[in-house]
Amino acid sequence: MSRRLPVIHKVTAENIGPFQQEHLDLEFSNGERRHFQRLVGRGPGAVVVVPMLDDQTVLLVREYAAGMHRYELGLVKGRIDEGETPVEAADRELKEEAGYGARRLEVLRALTLAPTYMSHQSWLVLARDLYPERLLGDEPEELEVVPWKLAELDQLMLREDFSEGRSLAALFIAREWLGGKQ
């Protein structure tokens with residue numbers, strides 16, 4: 001069923017770090033009025049990179065996750081800088097976080113985090129034909145690089161230190177995509 005989008009009567013906003021928090025006064029097609037809040041990302045979004053060391057092995061990184069106050073295992077990821085494409089950002093982040101560049105980079109799709117209250121998008125980029133190259137990044141410490149077999153994704157998804165939803169979704173999407181296109 002196709003519905004008409006709610007009418008926005010008023011928007012107030014405040015800046016909070018890399019986001020703008022907006023308060024929306026909405027009216028739905030049935031006449032109901034509600035107040036919603038949303039976070040609007042500044043800039044062109046982010047990338048989540050699936051770096052394939054070979055046809056069966058992905059490279060993960062272990063880094064400090066301030067939100068959980070622990071070290072988390074996940075994929076290379078980061079913001080897209082102004083003027084960068086998702087492919088350029090993925091290559092840069094891969095060099096900064098994992099110490100590799102990629103000769104083949106392919107955008108598979110966009111992922112959202114929480115679309116009911118957040119506008120942020122992350123572009124899922126598959127990186128293949130890797131070669132060693134390191135760029136200085138903004139990480140406070142060198143990240144541990146952990147090779148992981150895609151065939152063992154069922155074990156990875158149950159680990160307590162692997163909880164980031166974008167990484168989990170990206171690995172399943174990449175595994176399915178690679179199944180027919182290696």
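Does Tyr 71 count as buried, partly exposed or exposed, and at what relative accessibility? Tyr 71 counts as partly exposed, because its relative accessibility is 42%, and partly exposed residues are those between the cut-offs of 20% and 50%. The numbered points below begin with the whole chain and then turn to single residues.

1. The model under discussion is a predicted one, and the values in this note should be read with that in mind. The protein chain holds three helices and ten strands, and when the elements are read along the sequence they follow the pattern β-β-β-β-β-β-β-α-β-β-β-α-α. A student tracing the chain will therefore meet seven β symbols before the α that stands between them and the next three, with two α symbols at the end of the pattern.

2. As for overall dimensions, the C-alpha atoms of the protein chain fill a box of roughly 55 × 40 × 35 Å, taken along the principal axes. Of the 182 residues in the protein chain, 38% are buried. The protein chain exposes about 10700 Å², and carbon and sulfur atoms supply 51% of that area.

3. Two further figures describe the protein chain as a whole. Among the contacts between residues at least 6 apart in sequence, 57% join residues that are at least 24 apart. The chain also carries 23 positive and 31 negative charges, and the mean positions of these two sets are 6 Å apart.

4. Glu 72 deserves a careful look, since this charged residue, placed in strand E6 (residues 70-74), counts as buried because its relative accessibility is 9%, which falls under the 20% cut-off. The side chain of Glu 72 makes a polar contact with the side chain of Arg 70 at 2.6 Å, and a polar atom of the Glu 72 side chain also lies 3.1 Å from the backbone nitrogen of Ser 163. When neighbours within four places in sequence are left aside, the residues in contact with Glu 72 include Val 61, Arg 62, Glu 63 and Ala 65, as well as Glu 160, Asp 161, Phe 162, Ser 163 and Glu 164.

5. Trp 148 lies in strand E10 (residues 144-149), and it too counts as buried, because its relative accessibility is 13%. The side chain of Trp 148 reaches the backbone oxygen of Glu 152 at 3.0 Å. With neighbours within four places in sequence left aside, Trp 148 is in contact with Gln 56, Thr 57, Val 58 and Leu 60, and also with Leu 153, Gln 155, Leu 156 and Arg 159. From Trp 148 to Phe 36 the separation is 112 residues in sequence and 41 Å in space, C-alpha to C-alpha.

6. The count of aromatic pairs comes to two. One of them joins Phe 28 and Phe 36, whose ring centres are 6.0 Å apart and whose planes meet at 45°, and this pair is tilted. Phe 28 is partly exposed, with a relative accessible area of 29%, and Phe 36 counts as partly exposed at 37% relative accessibility.

7. The rings of Tyr 64 and Tyr 71 also form a pair, with centres 5.8 Å apart and planes at 65°, so this pair is edge-to-face, the cut-off for that class being over 60 degrees. Tyr 64 is partly exposed, with a relative accessible area of 39%, and its partner Tyr 71, with which this note opened, counts as partly exposed at 42% relative accessibility.

Definitions and conventions:
Residues numbered from 1 in each chain as written. Predicted model: local features only at pLDDT ≥ 70, side-chain atom pairs only at ≥ 80, totals over all residues. Heavy atoms only, no water. Helix = DSSP H or I, 4+ residues; strand = E, 2+ residues; numbered from the N terminus. Buried < 20%, exposed > 50% of the residue type's maximum accessible area, 1.4 Å probe, protein only. Polar contact = N/O pair within 3.5 Å; in protein donor to acceptor, adjacent residues only side chain to side chain. Contact = heavy atoms within 4.5 Å. Areas by Shrake-Rupley, 256 points an atom, 1.4 Å probe, with all protein chains shown as cover. Lys, Arg positive; Asp, Glu negative; His and termini not counted. Charge placed at Lys NZ, Arg CZ, Asp CG, Glu CD. Phe/Tyr/Trp six-rings, centres within 6.5 Å; stacked < 30°, edge-to-face > 60°.
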